[in-house]
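Trainee: Before we look at ring contacts and burial here, could you take me through them one at a time, with the reasoning spelled out?

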Amino acid sequence: MTLKLARRFAGMVPILLGITLVAFAVVRAAPGDALALQGEAALRGGGATVAQMREYRRLMGLDDPFLLGYARWLGQLIRGDLGHSFRDGRPVLVLLSEALPVTLLLALPSLFLGYLLAVPIGIVSGARPGGFLDRTLSRIVFLLYSLPIQWVALMLVVAAAGRGLPIYGLRSEGNRSLGDLLLHLVLPIACLTYGSLAVVSRYLRSSMVEAMGQDYVRTARAKGLSESAVVLKHALPNSLLSLITLFGLTLPALTSGAVIVERIFGLPGMGKLTFDAVLGRDVPVLMGAITLAGALTLIGILVSDLLYAAADPRISLRGRRP
Amino acid sequence: MSHSFRPALALLLAACSSSHLPPRAPVGADWQAGRLPASVYEGEPRSGGTIVVRLDQEPPSLDKLTDSALAIDWLLERKVLESMAELDTSKHPDYSLKPALATDWTVSPDQLTYTFHLRRGVRWHDGAPFSGKDVVATLRKIRDPSVRAMHLRNNFEDLADIATAPGDDFTVVARYRKPYFLAFRALATLSIYPAHLLETAGDMLHSPMHRAPVGTGPFRFEEWKSGDRISFARNEQYWGKKAHLDRVVYRIVPDPAVGFQLLKKGEFDVYLQLQPQQWARDLEAAGLKASLHRVKFFNPNYNWIGWNEERPYFSDPRVRQAMNYVIDTEGIRNSFLLGLDRPTTCHFYLDSSACDRSLAPRPYDPARAAKLLNEAGWRDHDGDGVRDKEGVPFRFTFLMNADSVFLAKLAPYLQQELRKLGVEMEIRKVDWALFVQLVGEHRFDAMSLRWGNSDVVQDPYEIWHSSQAKDGSNFVSFKNAQADALIEEARATLDDARRNELYRKLGRLLYEEAPYTFLYNRPSLDAVRIGVRGIRPSVAWYDMQDVWLARQ
């Protein structure tokens with residue numbers, strides 16, 4: 001088992017290298033100038049603007065041939081160094097280690113809360129498709145799903161501003177208590193959660209509907225089991241497999257951050273870091289963020305495979321021999 | 001009338017009408033005009049307190065040597081970093097220089113040698129003593145080709161050498177190769193860095209000073225929490241008059257709607273960069289008139305549309321003039337800009353005497369535009385509804401930065417006006433990084449941008465001299481021998497009045513040639529909480545040294 005796992009990990013390395021190579025090519029090929037982060041002053045050279053841009057590109061190593069640039073980046077990566085941001089000269093590792101905790105602080109509670117609310121909705125909807133509860137809940141989750149997040153966030157800010165709920169940042173000035181931190185998280189987490197309700201609950205609902213039509217459910221009913229026992233003990237466990245797939249797919253999205261929510265609520269996480277890096281053509285930061293996201297995607301897939309194996313005895317990590 | 005004299009005048013008038021009442025400007029007039037009332041400058045300053053300022057964008061670094069973003073100047077100049085001389089912010093609109101790290105200076109009769117006598121007893125924020133060696137080391141760093149200081153290096157191309165006088169570390173002598181009116185000002189207002197830290201700073205990018213500047217100013221850097229806040233604390237060892245405030249905290253809030261909600265909650269003492277709509281209407285609607293002063297202040301800047309003269313359509317000045325006649329400057333000002341911006345036709349700071357204020361923007365006159373286009377040979381020869389000349393249809397692309405709210409309104413309007421005239425304009429929106437690249441490579445037909453300056457004195461050379469069409473900021477390739485001659489003569493003219501006369505001549509020439517359509521001088525729209533005293537807007541942003549907080 002451990003050996004198999006080690007093999008799976010080893011197999012991820014070439015895939016990750018492929019991801020970074022493609023990413024490096026795209027990032028380097030993108031038009032635009034890294035001098036952009038100077039604002040309007042970028043075009044004011046005091047007499048030598050274009051010459052200044054050329055010199056800037058040379059100092060930043062942007063004139064190197066593509067493969068040399070990639071090799072240099074890879075060499076750094078192997079030594080555990082992701083390079084320095086063009087923007088502020090700080091190590092990319094430091095920037096990532098500042099942004100990732102903020103993003104996780106939002107994403108993990110939101111993921112947990114999303115499943116906590118969506119699973120019961122999915123069960124209730126799927127147990128009696130087309131029924132009153134199903135129709136009502138479907139309407140509600142779809143209504144939520146269709147609300148643009150920017151609008152919801154601003155409405156929440158306006159609504160909360162007059163009511164003493166903090167609307168910006170992670171902490172109040174000089175307040176280090178846990179309660180203060182949690183209050184600051186209420187609005188952004190609400191924003192990140194409401195949209196996911198529809199996705200998770202609909203997924204579960206459809207697999208519930210499928211399970212409820214199976215022979216074993218008819219058998220369970222024929223045995224005279226109560227409806228709740230039929231739903232919870234027989235149909236639900238078989239439907240949960242689809243949620244594992246979904247979970248594996250959402251894991252990387254969690255760490256990529258949420259640009260709009262981070263901006264509106266002033267939480268500098270991965271979304272802001274990546275977005276600013278794109279706008280400023282900050283190659284080292286972008287590459288760092290993409291590598292992190294790529295690694296997490298691969299890990300997400302592995303974790304969901306492991307969960308499958310744990311949840312379903314028919315599936316094992318070993319796979320079938322040809 | 002100049003801005004900073006208004007409170008004084010209001011005070012004077014009030015004093016004349018009733019001698020025993022405290023002088024006050026009429027309620028509402030200051031609010032309407034966006035100026036701080038005289039009461040802001042009354043009272044005995046009180047020491048202590050923290051002022052919280054809203055900042056709309058995070059600067060790339062706090063390092064003037066490697067980054068030229070204006071926000072860095074605003075945060076640091078005269079607050080953290082100091083120069084040998086500084087702009088006297090009470091002298092609007094000329095902003096003459098007053099002593100700072102230098103106590104006095106002399107200029108040789110041939111205008112080539114400057115001698116600065118430096119202040120003794122000044123200490124850096126880390127306690128090390130300041131001397132002329134710091135000035136020399138700063139210049140050396142700027143001229144080091146491995147440092148990303150191109151934007152500063154250009155100012156010192158004609159500097160032959162700079163050194164401390166033999167045996168006297170407090171006298172700095174700079175020698176120039178040729179006389180240049182900006183040479184003295186550029187050197188005198190250069191922010192000085194500590195020599196003992198520059199030694200190990202390398203290319204600056206990886207030095208602690210890149211984000212944590214060490215200066216001699218009344219405030220010292222305290223902390224920068226990325227994406228959240230940058231704070232400064234009073235320098236207790238300051239050589240001059242110490243600041244009243246304990247701390248200045250800049251909170252970074254990019255989203256204007258969220259910023260406004262925080263302002264309503266009372267979380268800011270100074271709010272920078274309100275949206276025009278917020279400044280003009282929302283503040284009052286939100287009931288903030290009782291707790292805030294509005295501030296409207298015009299910095300040296302202007303928006304413009306540039307017509308690329310390398311393109312067949314825009315090589316003829318008559319066509320460029322025609323472009324001016326289809327833009328309803330006054331209508332746009334009132335509808336898109338809520339009447340807040342000032343129309344301008346001048347390259348220089350509008351309040352300065354370098355501008356000829358009699359040159360009014362060309363009025364909206366489509367008939368005149370059509371006549372000019374006909375004269376220039378742009379007629380619809382093939383009857384397809386689009387004007388053409390020598391087989392080239394008048395179809396061009398307007399390049400714009402996708403972030404601009406103003407241009408998002410202006411461009412479709414211009415497109416519509418031009419279509420009526422038989423000219424097809426396509427709009428191309430690109431992000432800022434691509435915009436910078438395309439403009440730098442002259443790959444555009446027409447585009448719009450804003451020039452801003454942190455000083456009222458500037459040299460038009462980089463933008464209007466024909467030599468700058470190749471590698472400089474003359475992106476529209478304006479080439480005019482008469483303009484070149486005026487610009488060159490002005491560079492060697494050290495007398496302000498005489499130079500400004502040359503600039504007014506240049507202004508009239510630019511008006512006729514119309515390489516740009518000059519649009520507006522944009523104000524800073526800010527708000528200051530009542531209770532913040534001694535604060536004064538200037539082209540050098542807000543000084544924090546005299547600011548104090550009245551007891552609530």
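Trainee: Which residues form one aromatic cluster with Tyr302(B)?

Mentor: Bear in mind that this is a predicted model. Rings are paired when their centres lie within 6.5 Å. The cluster that holds Tyr302(B) also takes in Trp304(B), Trp451(B), Trp464(B), Phe475(B), Phe478(B), Tyr516(B) and Phe518(B).

Trainee: How many aromatic pairs are there over all chains?

Mentor: The same centre-to-centre cut-off of 6.5 Å applies. Over all chains, the count of aromatic pairs comes to 40.

Trainee: What is the geometry of the pair formed by Phe348(B) and Tyr503(B), stacked or edge-to-face?

Mentor: Phe348(B) lies in the loop between β14 (342–343) and α12 (366–375) of chain B, whereas Tyr503(B) belongs to helix α18 (residues 496–513) of chain B, so that the pair links parts of the chain 155 residues apart. Both residues are buried. Their ring centres are 4.4 Å apart, and with 25° between the planes the pair is stacked.

Trainee: Which ring does the charged end of Arg294(B) sit over, and which residue lies over the face of Tyr511(B)?

Mentor: The charged end of Arg294(B) is 3.8 Å from the centre of the ring it sits over, which belongs to Trp279(B). For the ring of Tyr511(B), the distance to the centre is 4.3 Å, and the residue over its face is Arg362(B).

Trainee: Is Ser110(A) buried or exposed?

Mentor: Ser110(A) is found in helix α4 (residues 92–127) of chain A, and, leaving aside residues up to four places away in sequence, Ser110(A) touches Ile189(A), Leu192(A) and Thr193(A). Because its relative accessible area is 7%, and under 20% counts as buried, Ser110(A) is buried.

Definitions and conventions:
Residues are numbered from 1 along each chain as its sequence is written. Chains are lettered from A and ligands numbered from 1 in the order in which they are written. This is a predicted model: local features need pLDDT of at least 70, side-chain atom pairs count only at pLDDT 80 or more; totals for chains, interfaces and linings use all residues. Side-chain values use heavy atoms; hydrogens and water are left out. Rings of Phe, Tyr and Trp (its six-membered ring) pair if their centres lie within 6.5 Å; planes under 30 degrees apart count as stacked, over 60 as edge-to-face and the rest as tilted. Helices (H or I, at least four residues) and strands (E, at least two) are DSSP runs, numbered from the N terminus. Buried means under 20% relative accessible area, exposed over 50%, partly exposed in between (1.4 Å probe, protein chains only). A charge sits over a ring if NZ of Lys or CZ of Arg is within 6 Å of the ring centre and within 35 degrees of the ring normal. Contact means heavy atoms within 4.5 Å.
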